[in-house]
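Trainee: Could we take a close look at a single helix and follow what lies around it? Please keep the cut-offs explicit as you go.

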Amino acid sequence: MDREYIAKKTLEMTSKEDLLSLLNEIKKDDLGDKCYPFELRQINYYFNPKQTRSRYTSFTIPKKSGGLRTISAPVKGLKSILIYLNQILQSVYEPSSYAKGFTKGRSVVDNALVHINQNYVLNLDMKDFFPSIKQPRVWKRLQLAPFNFNIELASVIAGLCCIKVCKKKPDGNIEDDYVLPQGAPTSPLITNIICDKLDRRLGGLAKRFGLNYSRYADDITFSSMHNVYQESSEFLKELHRIIEGQNFTLNPDKTRLQKKGSRQEVTGLTVSTKVNVTRKYVREIRSLLYMWEKYGYTETNAKFYPHYKAEKGHIKKGEPHLEDVLCGKLLYLKMVKGENDTTYQKLHDKYEMLLKSREDESVAFSEITYYDTKSIEEFEKEMSTTVEITNSTKGVRYAYYMMDKKKELISITKSIEVIDKKKLQISLCANGKDRFYLIHKPLSEIKVAALQEKRQRSLDDILSDLCNSDFDLTKL
């Protein structure tokens with residue numbers, strides 16, 4: 001749907017009924033006539049953050065710098081609403097030129113480009129960035145330009161986008177608070193909306209002192225050829241005053257001043273003479289490709305899988321597969337270095353060669369492709385785990401194995417009547433976009449069954465064609 005049309009309809013909204021109508025119009029345009037429209041009762045339920053049940057699922061993930069970060073993921077119904085609400089807000093809002101994160105057409109590369117070849121690079125991080133933005137602040141900001149929503153509409157949108165949290169006060173008592181959750185589709189955009197004034201003031205501060213300034217979410221970066229970053233300097237005093245005046249707090253543990261001659265990084269990219277990935281990033285890709293070529297996919301994936309699952313399994317859905325992770329890393333490398341970069345080209349060509357050899361070794365039956373087939377015993381040995389086969393409370397048979405104290409599910413072919421792990425195999429399977437582990441009969445048996453099914457289908461097709469033709473069957 002055209003952005004200008006959505007913007008026009010957005011600026012005409014005056015009630016939650018108008019919001020519902022526009023949400024359903026965008027959803028219908030996205031999914032077609034058969035999609036289920038949102039209902040007013042859903043809006044009424046989800047926009048009240050006091051409804052703590054069935055709104056968000058919260059969990060923690062480890063931070064790179066240590067400690068835990070709380071992620072609050074909206075449930076399916078609310079998430080769908082927020083995805084389309086995000087399109088509505090995007091249609092009328094344009095982030096400041098200083099904001100490089102969560103903005104269409106801008107990336108970590110654009111953020112790093114601002115700070116190339118400088119004598120000094122100062123990185124700062126805002127503490128508890130998302131939860132430090134409270135619902136009343138979101139509500140008030142939505143009533144200002146460019147949105148200019150009335151109080152009712154601002155209340156509904158702010159309620160949809162915020163979550164109730166319980167905080168412990170210094171006196172030990174618990175109080176309820178309503179904040180922006182990290183994990184909702186709308187939160188990144190709203191942080192840019194809230195930080196408009198912060199960006200203007202920090203941008204003005206940078207111009208006053210002759211510095212470069214950019215912000216990627218909660219990461220703030222200044223750079224310059226001259227040093228104004230001495231402790232208790234006028235610049236740092238004004239910097240703290242502006243940030244605290246916008247109700248944010250700097251994390252002193254993540255403040256770094258990087259001088260020329262040392263490795264200068266901005267949001268994970270080096271900026272000493274040009275924007276580039278770190279040497280470690282390239283080494284990781286090269287190492288995985290080398291292991292794949294020398295030891296084969298199965299052994300390399302067996303070593304890669306538990307390490308990656310432990311590190312990223314809590315935030316990445318589905319099963320991590322070596323070729324998919326490598327593909328993502330190569331795409332990122334291409335974005336940073338460019339498709340004509342010789343390092344990227346060599347690694348990409350090696351990846352394509354290995355991927356083709358693996359596809360040549362795969363076996364496909366009935367629209368399912370089987371990779372890396374092995375006995376269950378071999379799988380258990382490689383993964384250092386045990387495959388358990390059991391029944392659910394509803395009598396449905398399934399299998400699982402434990403990885404980092406988490407239960408990972410395995411599908412089982414329905415045609416298996418008697419479970420004997422010694423006589424079964426397990427494969428990494430692909431069916432369209434889905435990838436999954438599957439316990440099945442030996443491939444030799446599946447191949448025979450597939451051929452028989454194919455022959456039967458061919459015979460049925462021939463008979464059907466004969467029956468639908470003018471051919472006289474009595475002459476056969």
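Which residue caps the N-terminal end of α7, and how far does its side-chain oxygen lie from the backbone nitrogen of Glu152?

Mentor: The residue is Asn150, which caps the N-terminal end of α7 with a side-chain oxygen 3.3 Å from the backbone nitrogen of Glu152. That distance falls within the definition of a polar contact (a pair of N or O atoms within 3.5 Å, where within protein one must be able to donate a hydrogen and the other to accept it, and residues adjacent in sequence count only if both atoms are side-chain atoms). Please keep in mind that this is a predicted model, in which local features need pLDDT of at least 70 and side-chain atom pairs count only at pLDDT 80 or more, while totals for chains, interfaces and linings use all residues. Residues are numbered from 1 along each chain as its sequence is written, and side-chain values use heavy atoms, with hydrogens and water left out.

The helix itself, α7, spans residues 151-161 and is mostly covered, eight of its 11 residues being buried. Helices (H or I, at least four residues) and strands (E, at least two) are DSSP runs numbered from the N terminus, and buried means under 20% relative accessible area, exposed over 50% and partly exposed in between, with a 1.4 Å probe and protein chains only. The buried residues of α7 are Leu153, Ala154, Val156, Ile157, Ala158, Gly159, Leu160 and Cys161. What covers them includes the helices α2 (16-31), α3 (40-46), α4 (76-92), α6 (135-141) and α8 (187-194), together with strand β1 (56-62). Before the helix, in the loop between α6 and α7, lies Pro146, and the peptide bond that leads to Pro146 from Ala145 is cis, with omega near 10 degrees.

One of the elements covering α7 deserves its own description, namely α8, in which eight of eight residues are buried. These are Ser187, Pro188, Leu189, Ile190, Thr191, Asn192, Ile193 and Ile194, and they pack against α4, α6 and α7 as well as α9 (196-209) and β6 (212-216).

The surroundings of α7 can also be followed from Leu19, which touches Leu153, Val156, Ile157 and Leu160, along with Met13, Leu85 and Ile88, when residues up to four places away in sequence are not counted; contact here means heavy atoms within 4.5 Å. Leu19 is one of three residues, with Phe222 and Phe235, that touch the most other members of the largest nonpolar core, a set of 67 residues. A nonpolar core is a set of buried Ala, Val, Leu, Ile, Met, Phe, Trp, Tyr and Cys residues joined through side-chain atoms within 4.5 Å. The largest share of this core, eight residues, comes from α4. A second, separate core holds 47 residues, among them Val121, Val282, Tyr297 and Ile410. In soluble globular proteins, nonpolar side chains tend to be buried together.

Polar residues can be buried here as well. Ser223, in strand β7, counts as buried because its relative accessible area is 0%, and its side chain makes a polar contact of 2.7 Å with the side chain of His115. Beyond neighbours within four places in sequence, Ser223 is in contact with Val114, His115, Gln118, Tyr120, Val121, Leu211, Asn212 and Tyr229. Ser233 sits in the loop between β7 (219-224) and α10 (234-245); it is buried because its relative accessible area is 11%, and its side chain reaches the backbone oxygen of Val228 at 3.0 Å.

For contrast, consider Asn247, in the loop between α10 and β8 (256-259). Asn247 is exposed because its relative accessible area is 55%, and it has a positive phi of about 65 degrees although it is not a glycine. Asp372, likewise not a glycine, has a positive phi of about 50 degrees and lies in strand β12 (residues 368-375).

Finally, to place α7 in the whole, the chain contains 16 helices and 17 strands, and buried residues make up 43% of its 476 residues. Among contacts with a separation of 6 or more, 63% join residues 24 or more positions apart.
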